[in-house]
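Reader: I'd like a close look at one residue and what sits around it, and then a walk outward from there. Could you keep it chatty and stick to what the atoms give?

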Amino acid sequence: MRASEALTYEPAACWRRLQQSKEFFFEDLDAHLKEQHQRFLEELMLYERQCFLNAQPYERSASRVDQANGFYRRRLSTRLGAMELQVPRTRSAHFQTQVVPRYQRREPVINEALKQVFLLGVSTRQAGRALATLVEDAVSASTVSAVAKALDQSVHAFHGRRLSDHYRYLLLDAVSVRIRLVGKVQRRMVLCVYGITTNGRRELIDFQIVKTEAEDSWHGLLWNLWNRGLRGEFLELIATDGHLGLAKAIVRLWPAVPHQRCWAHKLRNLENKLKASQSDCLDEAKLIYQADHRTAAVQLFKQWKRRWQREAPRAVACLQEDLEELLAFFDCPSVHWKRLRTTNVIERLFVEVRRRIRTMCAFTTRSSCERILFSVFDRMNQHWTRHPLPAFTHNS
């Protein structure tokens, strides 16, 4: 560069040169920050011991309550890496620092990161490996599981919270999971209650793990919701997949609330009763729920029945026996029909559950299953709270 030329700095070029020499800058910066953080913690603990002793070092005082007795080492995993701290102690061992609580091996932010990585679908072994390179310390699968157990209190509070009686529609369905019980992997059903409030907010109200999807199981869950405040004052419709035990449980609690059977499940039942060459029968059946009103839907059903009574009598009988429940959604506002005539909204939630548990063969305990399900449902509830359904307001 000539002496007469002005000295100019280009930020982009300077940043590239800085990145190329990162071993002389970024690594030194990280080491410096880690050193200062460790020094700060140790100085703070020394001051804490001094306040406990009520005397300066080497000071002879009648107010002194104990004697300093050196230090012991404590390994602590922080966001800046692992540190070997010198923790002060006293001769009587009555002093316990509050800067680094007893038995703490990781900063709270590390535990929170472990929990979040685990809840996002990473297995316990992979979660520890993922964070080991960041915190410079090995994290075992048992450690990740122990950190995740902090969710147990949240799960208990979720199952016991009081409910507001402001639900306009309920959608009920179940999903199966695998849990290792008494040395054997067994299937269990997760009963789920999804609700839409009068102001359009969607919510997974509660869930319960049961052995079988029977009438008593569903009644137990619904009765628990009823005792917690869901009395059904504003309920206009309850949609289900058509399970017979579930239908009986609903009648025992809310006999006056209309029951909607899911069209998606019913069409699958029809498909099982048809030949491969009778796909037109299924396509024509879909026109029934696409009608503009109930009367038109009934007329379309009668036409469909005359068309297919002889060729597919089993399919016709299957649809006819549940026609009243299949058309119950027509009594609700037309803007709600698409979401109420099936249980697809809750099936979408089950897709998220299956995605989360795909990484594991089976849950090791019932509690671990509850924690994972709660984390999925809680995350979806938070999303639904931020995105209510405008068409489902009470006046619509």
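Author: What follows starts at lysine 266 and then moves out to the aromatic pairs, the cysteines and a few other spots.

Keep in mind that this is a predicted model. As a backdrop, the chain holds 16 helices and seven strands. Of its 396 residues, 43% are buried. If you look at contacts between residues at least 6 apart in sequence, 65% of them join residues at least 24 apart. The accessible surface is about 22,500 Å², and carbon and sulfur atoms account for 51% of that.

Now for the lysine itself. Lysine 266 sits in helix H9, which covers residues 263-272. Is lysine 266 buried or exposed? It counts as buried, because its relative accessibility is 2% and the cut-off for buried is under 20%. What does its side chain reach? The side chain of lysine 266 gets to the backbone oxygen of cysteine 318, at 3.1 Å. Setting aside residues up to four places away in sequence, lysine 266 touches Arg261, Cys318, Leu319, Glu321, Asp322 and Leu326.

Cysteine 318, on the other end of that polar contact, is buried too, with a relative accessible area of 7%. Since we're on cysteines: a disulfide is a covalent bond between the sulfur atoms of two cysteines. How many disulfides turn up in the whole structure? The search finds zero. For another cysteine, take cysteine 51, which counts as partly exposed at 45% relative accessibility.

Back to helix H9, which also contains tryptophan 263. The full search gives 11 aromatic pairs. In one of them, the rings of tryptophan 263 and tyrosine 289 have centres 5.0 Å apart and planes at 55 degrees, so the pair is tilted. Tyrosine 289 belongs to helix H10 (residues 279-289), so this pair ties together parts that are 26 residues apart in sequence. Tryptophan 263 and tyrosine 289 are both buried. Another aromatic pair, phenylalanine 330 with tryptophan 337, is edge-to-face, at 4.8 Å centre to centre and with 75 degrees between the planes. Both phenylalanine 330 and tryptophan 337 are buried as well.

There's also an aromatic cluster, made of Phe158, Phe207, Phe374 and Phe377. One ring in that cluster has a charge over it: arginine 161 lies over the face of phenylalanine 158, at 4.3 Å from the ring centre. You get a similar arrangement with arginine 307, which lies over the face of tryptophan 308 at 4.0 Å from the ring centre.

Next, histidine 219, in helix H7 (residues 215-227). Histidine 219 is buried, with a relative accessible area of 17%. Its C-alpha is 8.5 Å from that of lysine 248, and the two residues are 29 apart in sequence. Leaving out neighbours within four places in sequence, histidine 219 is in contact with Ala249, Arg252 and Leu253.

On the strand side, asparagine 69 is a handy place to stop. It is in strand S1, residues 68-78. Asparagine 69 counts as partly exposed, because its relative accessibility is 35%. Arginine 89 is 20 residues away from asparagine 69 in sequence, with 5.5 Å between the two C-alphas. Beyond its neighbours within four places in sequence, asparagine 69 contacts Arg49, Arg89, Thr90 and Arg91.

Finally, a couple of backbone angles for you to check. Most residues other than glycine have a negative phi. Tyrosine 58 has a positive one, near 65 degrees. Where does tyrosine 58 sit? It is in the loop between helix H2 (22-53) and S1. At 86% relative accessibility, tyrosine 58 counts as exposed. Alanine 93 also has a positive phi, near 65 degrees. Its loop runs between strand S2 (81-90) and helix H3 (108-119). Alanine 93 counts as exposed too, because its relative accessibility is 52% and exposed means over 50%.

How values were computed: Residues numbered from 1 in each chain as written. Predicted model: local features only at pLDDT ≥ 70, side-chain atom pairs only at ≥ 80, totals over all residues. Heavy atoms only, no water. Helix = DSSP H or I, 4+ residues; strand = E, 2+ residues; numbered from the N terminus. Buried < 20%, exposed > 50% of the residue type's maximum accessible area, 1.4 Å probe, protein only. Polar contact = N/O pair within 3.5 Å; in protein donor to acceptor, adjacent residues only side chain to side chain. Contact = heavy atoms within 4.5 Å. Areas by Shrake-Rupley, 256 points an atom, 1.4 Å probe, with all protein chains shown as cover. Phe/Tyr/Trp six-rings, centres within 6.5 Å; stacked < 30°, edge-to-face > 60°. Lys NZ or Arg CZ within 6 Å of the ring centre and 35° of its normal. Disulfide = S-S within 2.5 Å.
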